[in-house]
Amino acid sequence: MENITLTINGQCVTVKSGATVLEAAQAAGIYIPTLCHSPDLKPYGGCRVCVVEIESMRGLPTSCTTPAVAGMKVHTETEAVKKVRHTAVELLIADHPSDCLTCSKDQQCELQKVAAYLGIRETRLPKKAPSFSVDTSNPFFDLDRNKCILCARCTRTCSEITCIGAIDMANRGYSMKVATFGDGLLFDSICQSCGECVAHCPVGALAPKQSLPPTREVVSTCAYCGVGCSLILGVRDDKIVSVRGNPDGPANRGKLCVKGRYGIADFVHSPERLTSPLIKKNGRFEKATWEEAIELIAGKFSSYKPEELAVISSSRASNEDNYIAQKFARAVLHTNNVDNCARV
Ligand code: SF4
Ligand code: SF4
Ligand code: SF4
């Protein structure tokens with residue numbers, strides 16, 4: 001694909017043809033505020049916050065939907081641009097609760113960030129009272145439509161990324177909202193609880209039920225299935241308090257299913273989890289060391305002929321673990337009786 005060069009705020013920027021004006025600005029380190037844009041989703045142009053002025057083009061186009069063209073002259077901070085952005089964000093704030101201090105998204109909220117960037121310190125418009133009840137039916141996250149800024153990132157995520165289509169935008173004007181088919185509860189919908197919409201919500205409208213900010217993060221791999229999604233575990237006091245998909249994970253590129261996103265902390269910290277081998281003695285399981293357990297198993301293996309042995313590996317284990325399992329069967333037990341549980 002050929003390169004094109006345009007100027008943004010007087011700076012020459014070269015990008016691949018097909019890039020949008022927003023992508024060109026981001027590539028050059030020029031900040032354009034956005035609320036409905038996500039690099040994971042198709043351009044939408046709904047929030048009108050990323051508008052720019054382009055010489056010899058009428059109006060103020062949204063930079064996220066405007067293709068960059070060679071020779072284009074873009075201005076991102078003119079008075080007209082600032083006025084439109086200011087008004088768009090003021091309208092959102094008028095429709096948004098002011099309980100930021102107790103919101104789980106506080107300090108990670110993109111509306112806070114954009115309002116601060118635009119220097120909005122007070123609202124000229126009257127505040128709208130909360131009018132929606134909160135949908136708490138999903139076991140892992142809540143949907144508070146009073147905090148929703150109608151960016152449609154969640155609904156687009158559910159159809160473009162997850163390909164479920166459990167939610168969509170319904171109604172118009174003040175009644176516009178994120179809704180399930182038939183306007184029922186999330187729990188009663190076809191939602192798979194993957195939480196991908198929660199991960200893409202820029203504000204606290206879709207928020208996990210349990211969330212504490214971590215003090216450090218650790219990269220790990222989900223052990224629930226053979227896809228091997230890369231996780232970023234948020235840790236606080238040696239406990240997992242959050243899980244997010246690793247955008248650099250080659251298998252999942254930041255995405256997770258319900259098990260990886262919401263099913264890790266409970267089993268890692270479960271008091272019922274086996275943390276040492278158990279050997280049955282006199283009809284009762286007793287704790288043993290790994291050496292004792294391995295010696296016992298090795299002794300039992302050697303009492304059978306190779307053709308009497310079989311190894312069943314696991315579709316929930318990693319490729320590497322499955323490789324080792326078949327190697328162990330063939331090279332150590334001298335049997336070709338190897339299978340796995342993928343067909344259950
Ligand atoms: S949790 Fe997943 S399936 Fe459910 S609404 Fe969100 S994106 Fe769609
Ligand atoms: S719930 Fe969040 S992601 Fe969905 S439209 Fe509202 S603000 Fe946007
Ligand atoms: S997050 Fe889901 S798909 Fe990914 S490895 Fe875990 S269980 Fe498999």
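## Exercises on a predicted model

In this predicted model, the side chains of Glu79 and Lys82 form a salt bridge, with an N to O distance of 3.7 Å. Let's start there and work outwards.

**Exercise 1.** Explain why Glu79 and Lys82 are separated by about one helical turn.

*Solution.* Begin with the contact: the distance of 3.7 Å, N to O, falls within the 4 Å limit for a salt bridge. Next, place the pair: both belong to helix 2, which covers residues 79–94. Because they are three residues apart in this helix, about one helical turn separates them. Finally, for context, the count by this rule comes to nine salt bridges.

**Exercise 2.** Find which residues surround ligand 1, and sort them by class.

*Solution.* First locate the ligand: ligand 1 sits in the largest cavity. Then list its neighbours: Phe141, Cys158, Thr162, Ile164, Ile167, Cys191, Gln192, Ser193, Cys194, Gly195 and Cys197. Sorting this shell gives seven nonpolar, four polar and no charged residues.

**Exercise 3.** Now treat ligand 2 likewise: where does it sit, and which residues come nearest?

*Solution.* Ligand 2 sits in the second largest cavity. Of the 13 residues around ligand 2, the nearest are Cys148, Cys151, Ala152, Cys154 and Cys201. By class, the shell holds 12 nonpolar residues, no polar ones and one charged.

**Exercise 4.** List the residues around ligand 3 and give the class make-up of its shell.

*Solution.* Start with the cysteines around ligand 3: Cys222, Cys225, Cys229 and Cys257. Add Tyr224, Gly228, Leu256, Lys259 and Gly260 to finish the list. The classes come out as six nonpolar, two polar and one charged. Lys counts as charged and Gly as polar, so Lys259 supplies the charged member and Gly228 and Gly260 the polar ones.

**Exercise 5.** Trace the nonpolar surface patch to its residues, and decide which helix gives the most to it.

*Solution.* The patch, about 400 Å² of surface, is made by Leu296, Ile297, Phe301, Phe328 and Val332. Two elements give two or more residues each: helix 8 (290–302) and helix 9 (319–332). Helix 8 gives the most, with three residues; Leu296 has its place in this helix.

Technical notes: Residues are numbered from 1 along each chain as its sequence is written. Chains are lettered from A and ligands numbered from 1 in the order in which they are written. This is a predicted model: local features need pLDDT of at least 70, side-chain atom pairs count only at pLDDT 80 or more; totals for chains, interfaces and linings use all residues. Side-chain values use heavy atoms; hydrogens and water are left out. A residue is near a molecule or strand if one of its heavy atoms lies within 4 Å of it. On a 1 Å grid over the protein atoms alone, a cavity is a set of points where a 1.4 Å probe fits but cannot get out, and a pocket is an open set with protein on both sides within 12 Å along at least five of seven lines; lining residues have an atom within 4 Å of a point. A molecule sits in a cavity or pocket if more than half of its atoms lie within 2 Å of its grid points. Patches are made of residues with over 30% relative accessible area and no salt bridge: like charges are joined within 9 Å, nonpolar side chains (Val, Leu, Ile, Met, Phe, Trp, Tyr) within 5 Å. Accessible areas come from the Shrake-Rupley method with a 1.4 Å probe; for residues, only the protein chains shown count as cover. Helices (H or I, at least four residues) and strands (E, at least two) are DSSP runs, numbered from the N terminus.
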